[in-house]
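Please open the model in your viewer and keep the sequence panel beside it, since each stop on this tour begins with a selection.

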Amino acid sequence: MQTDALTAIVDQWKRERPDLDAAPMLVIGRLFRLTDALDQRLRPPFRAAGLGSGDFDVLAALRRAGEPYTLSAGELSRTVLVTTGAISKRVDRLETRALVGRSVAESDSRGRLITLTAEGVELTDELIAVHLDNQRRLLSGLGADEQTQLADLLARLASTLPEGEGEGRPDRTALAPPEPRSA
């Protein structure tokens, strides 16, 4: 395998701080870089459909819920893993395009239900097929067994991380090569 920038960074740390094991950067750094690279390659079909960041997540969550394709804002928030405020903004955009509708919950007049419209179902069904084809293409460099192994390893890693710890955007600056020292 070819040496990449992360290998060079770890080698620099080995030289500068041989007392530290910088090997974890090879995994974490590659995960960060892959996340960014995959995100850039997965967005175009959604952008072409006029969807903003995260809009498809809302449509897909509603579609996966099954008929009548309805969830409360709280349920959407938990499913999509964003705040109810972020859900509200996404739903506003989708409602403007008639892809979802809002209604008052019968059990709680303060609660709102979000429902996928027929147009929303149609668009979601088209996009999920494109999205899955895109994902298959992006993973084609790995065989089926390797993909299964990687999925299992990532699930295992995720299960070892305590929930809620270190919330927020990760600091990626630690992955950059060290700055030259000033005198």
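Select aspartate 4, which in this predicted model counts as partly exposed because its relative accessibility is 27%. Add arginine 30, also partly exposed with a relative accessible area of 28%, and you will find that the side chains of aspartate 4 and arginine 30 meet in a salt bridge, at 3.0 Å from N to O. Aspartate 4 belongs to the segment before helix 1 (5-16), whereas arginine 30 sits in helix 2 (residues 24-42), so that this pair links distant parts of the chain, 26 residues apart.

Next, select arginine 15 and glutamate 16, whose side chains form a salt bridge at 3.0 Å, again N to O. Arginine 15 is exposed, at 57% relative accessibility, while glutamate 16, at 30%, is partly exposed.

Now move to arginine 63 and aspartate 125, a salt-bridged pair in which the closest N and O atoms are 2.8 Å apart. Because arginine 63 lies in helix 4 and aspartate 125 in helix 7, the pair ties together parts that are 62 residues apart in sequence. Both partners are partly exposed, arginine 63 with a relative accessible area of 27% and aspartate 125 at 34% relative accessibility. A further selection of Asp92, Glu95 and Arg102 shows a network of salt bridges, and the count of salt bridges comes to nine.

With the charged pairs in view, zoom out to the whole chain. The protein chain has eight helices and three strands, arranged along the sequence in the pattern α-α-α-α-β-α-α-β-β-α-α. Of its 183 residues, 25% count as buried.

Which residues touch the most other members of the largest nonpolar core? Select Leu51, Leu59, Leu62, Leu76 and Val100, which hold that place among the 23 residues of the core. The elements that give two or more residues to this core are helix 4 (55-64), helix 5 (73-80), helix 6 (84-96), strand 3 (108-116) and helix 7 (118-138), and helix 4 gives the most, with six residues. To see the surroundings of one core member, display what lies around valine 100: leaving aside neighbours within four places in sequence, valine 100 is in contact with residues including Leu59, Leu62, Val91, Leu94 and Ile114. Apart from this core lies another, of five residues, among them Leu6, Ile9, Ala22 and Met25.

Return to helix 5 and select its buried residues, Leu76, Ser77 and Val80. Looking down the axis of helix 5, you will see them fall within an arc of 100°, so they line one face of the helix. Helix 5 is followed by leucine 81, whose phi is positive, near 65°.

A short step back along the sequence brings you to serine 72, in strand 1 (residues 70-72). Serine 72 has a relative accessible area of 19% and is therefore buried, the cut-off being under 20%. Beyond its neighbours within four places in sequence, serine 72 is in contact with Arg112, Leu113 and Ile114.

Finish on the surface by selecting Leu139, Leu142, Leu150, Leu154, Leu157 and Leu161, which form a nonpolar patch with about 460 Å² of accessible area together. One of these, leucine 157, has its place in helix 8 (residues 144-160) and counts as partly exposed, at 35% relative accessibility. For the surface as a whole, the protein chain exposes about 12,700 Å², of which carbon and sulfur atoms supply 55%.

Conventions:
Residues are numbered from 1 along each chain as its sequence is written. This is a predicted model: local features need pLDDT of at least 70, side-chain atom pairs count only at pLDDT 80 or more; totals for chains, interfaces and linings use all residues. Side-chain values use heavy atoms; hydrogens and water are left out. Helices (H or I, at least four residues) and strands (E, at least two) are DSSP runs, numbered from the N terminus. Buried means under 20% relative accessible area, exposed over 50%, partly exposed in between (1.4 Å probe, protein chains only). Contact means heavy atoms within 4.5 Å. A nonpolar core is a set of buried Ala, Val, Leu, Ile, Met, Phe, Trp, Tyr and Cys residues joined through side-chain atoms within 4.5 Å. Patches are made of residues with over 30% relative accessible area and no salt bridge: like charges are joined within 9 Å, nonpolar side chains (Val, Leu, Ile, Met, Phe, Trp, Tyr) within 5 Å. Accessible areas come from the Shrake-Rupley method with a 1.4 Å probe; for residues, only the protein chains shown count as cover. A salt bridge is a side-chain nitrogen of Lys or Arg within 4 Å of a carboxyl oxygen of Asp or Glu. The arc is that of the directions from the helix axis to the C-beta atoms.
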